[in-house]
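Student: Could you take me through one part of this model in close detail? I would like to follow the reasoning from the atoms upward.

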Amino acid sequence: MPPMYRIIGGDGREYGPVSAAQITQWLAQNRANGDTRIKPEGAADWTTLAALPEFAAAFASPVSPPPLPGEGAVPPPATTTAPAEAAASPVGGFAATPATAPLEAARACLDRPFRLSVMDTLSRGWDILASRFWLVAGATTVALLTSMVAGMLPIVGIAASILLTQVFYAGIYWLMLRVSRGESAEFADVFGGFSRSFAQLMLLSLTVFCCTLVLAVLAMGPLLWALYRAGVFAGAEPDPTQMVGPLLVLPVLMLPLLYLSIGWLFAPLLVIDRGMGFWEAMETSRRMINKRWFRMFFLYLAFIPLMIAGLLCFIVGDRSARLTSRRPPAALGIPAFPSSPPRYNAAPRQALPIVRRETGSRRREAALLRWGLVPAWSPTSAAASPLINARAESAAEKPAFRDAFRHRRCAVPADGFYEWQRTPAGPMPWLFEHAAGDLLLFAGLWESHVDPEADPAGSFAVLTTAPNTLVAPLHDRMPALLPVAALHEWLDAATPPARLMQLLVPCTADRLRARPVNPRLNHVAHDDPSCLDAPPDQQLDLGLG
């Protein structure tokens, strides 16, 4: 077994046990340094990280700052398997190199090609948000609302809109960049634009506003001229035929504005992080994005439906993650099962029983863990947004799940799961259970956490897969269900990845049955046997029964 350590965090609390690989990674992310107090597990005396020879490689040369957008995507901190691997690649796959001045590094990147994947970027963005959800989402919301309020103020509102827009954007980007780097980000960082390069950011705001205004007027010029000649400004009715030509050329004339709007996206970040002047930042951003402009454009478009979907989720809520767990799984060969009340409406963040391998043994054990996986690299379980589900198709590669997929697989016993049908009377829950009334086993992943105040001390996520024909009318995903006979393979660390993926395919429809249940289930506070009663209106039928 690799050596384990205990470490004193920046908050003065003791954490551990943690591995050498995790500590090496924290060093690379500036979350620990040579003066950090540490001791090997079982030792009596504390020392400093710099005094331990096994971490000497981490102090051999300083790590360069994370690359600019376009130099490569920086994945979030991830648990590695060996100290040597972590030391060779301390920042998510980028080798340690001697540090260079941030401004010179930014200028040097113009001569290098870069790769940009729209889907990888969206996935990385989600990882950043999920790792510090309340900080990122809350601070961003406050900054945007503050910007809107400032723009609506009498007299000074127009000036604030012209001069402060990029100042607020720079602060939001700065906060997200610090979270991405694993630095000690805090709420005040979202207003960092007022303390870092404030004058240059104001000049950037003014320049972008003026250029946007000029290009918009030029694009609208033919249409405005046609309206003027038709006497519209004097109150005359316009002739639609005179408007056809200007309207047709309007999209073409808007192309320069669109081109520069995308090209200048990184300018606020270059000013606040790399210390560039506003004009050099605009040009550097434009020249870099110009190499992958169309991909950046499609990435920009992808944010629109995501914003709408996120707003709907915030307003409507998520009902898809619910299950019922009412009886101990006697058939799983576990002599002692943790005592927990029957759950008729189990929801995320609740403690539920799971089945896993005992550490250092091939025997199975049961444990109560919280539903909603918190990655091991998250600073505290309370600060992170739990990950309720993981897509079976990509969990092995996602930074938040890949180490758990490799080493910490589990099964979640349940009597059934719920999905919702939209009806004129409101959402109608349907219960999906085993066709023979047997237990269901959801494939899952679990994590422990170094936060000593976490209760329980671990968390889990349910793996989901494509729906079978029974579930498909109600949802585009369903839990990955394990046959009881395959539990040994799923929990066995030696099972090949290809075999694991075979176990995560959708179960056949004839293995399940479905029935509508009481709409009281829609409220998570209702958790009693009446949740499983038939709904008042028995005329609902999707052909699922």
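Student: Which residues of α8 are exposed, and what lies on the other side of this helix?

Tutor: Happy to. In this predicted model, Thr241, Leu248, Pro251 and Val252 are the exposed residues on one side of α8. The buried residues of this helix are Met243, Pro246 and Leu250. They cover an arc of only 70 degrees around the axis, so they lie on the same side of α8. A general point about helices helps here: an α-helix has 3.6 residues a turn, so residues three or four places apart point the same way. What do the buried residues of α8 pack against? Their partner is α7, residues 198-229.

The length of α8 can be checked too. Helix α8 runs over residues 240-253, which is 14 residues. At 1.5 Å a residue, the expected span is 20 Å, because the rise is multiplied by one less than the number of residues. The C-alpha atoms at the ends of α8 are 20 Å apart, so the model agrees with the expectation.

Now for the setting of this helix. The chain holds 15 helices and 16 strands. Of its 545 residues, 44% count as buried. Among contacts with a separation of 6 or more, 67% are between residues 24 or more positions apart.

Aromatic rings come next. The whole structure contains 15 aromatic pairs. One of them joins tryptophan 293 and phenylalanine 297: the ring centres are 5.4 Å apart and the planes meet at 5 degrees, so this pair is stacked. Both residues belong to helix α12, residues 293-316, and are four residues apart, about one turn of the helix. Tryptophan 293 is buried, at a relative accessible area of 11%, and phenylalanine 297 is buried as well, at 18%. Elsewhere, ring pairs connect Phe168, Phe187, Phe191, Phe194 and Phe198 into a cluster.

Two tryptophans have a charge over the ring. At tryptophan 446, the charged end of arginine 356 sits over the ring, 4.3 Å from its centre. At tryptophan 490, arginine 409 plays that part, with its charged end 5.6 Å from the ring centre.

Let me finish with two buried polar residues. Threonine 465 lies in strand β14, residues 458-465, and is buried, with a relative accessible area of 5%. Its side chain reaches the backbone oxygen of leucine 504 at 3.2 Å. Beyond its neighbours within four places in sequence, threonine 465 is in contact with residues including Glu393, Asp476, Met478, Leu504 and Pro506.

Asparagine 468 is in the loop between β14 and β15. It is buried, with a relative accessible area of 7%. Polar atoms of the asparagine 468 side chain have two backbone partners here: the nitrogen of valine 471 lies 3.0 Å away, and the oxygen of cysteine 507 lies 3.1 Å away. Leaving out residues up to four places away in sequence, asparagine 468 touches Met478, Pro506, Cys507, Thr508, Ala509 and Leu512. Met478 and Pro506 are also among the contacts of threonine 465.

How values were computed. Residues are numbered from 1 along each chain as its sequence is written. This is a predicted model: local features need pLDDT of at least 70, side-chain atom pairs count only at pLDDT 80 or more; totals for chains, interfaces and linings use all residues. Side-chain values use heavy atoms; hydrogens and water are left out. Rings of Phe, Tyr and Trp (its six-membered ring) pair if their centres lie within 6.5 Å; planes under 30 degrees apart count as stacked, over 60 as edge-to-face and the rest as tilted. Buried means under 20% relative accessible area, exposed over 50%, partly exposed in between (1.4 Å probe, protein chains only). A charge sits over a ring if NZ of Lys or CZ of Arg is within 6 Å of the ring centre and within 35 degrees of the ring normal. A polar contact is a pair of N or O atoms within 3.5 Å; within protein, one must be able to donate a hydrogen and the other to accept it, and residues adjacent in sequence count only if both atoms are side-chain atoms. Contact means heavy atoms within 4.5 Å. The arc is that of the directions from the helix axis to the C-beta atoms.
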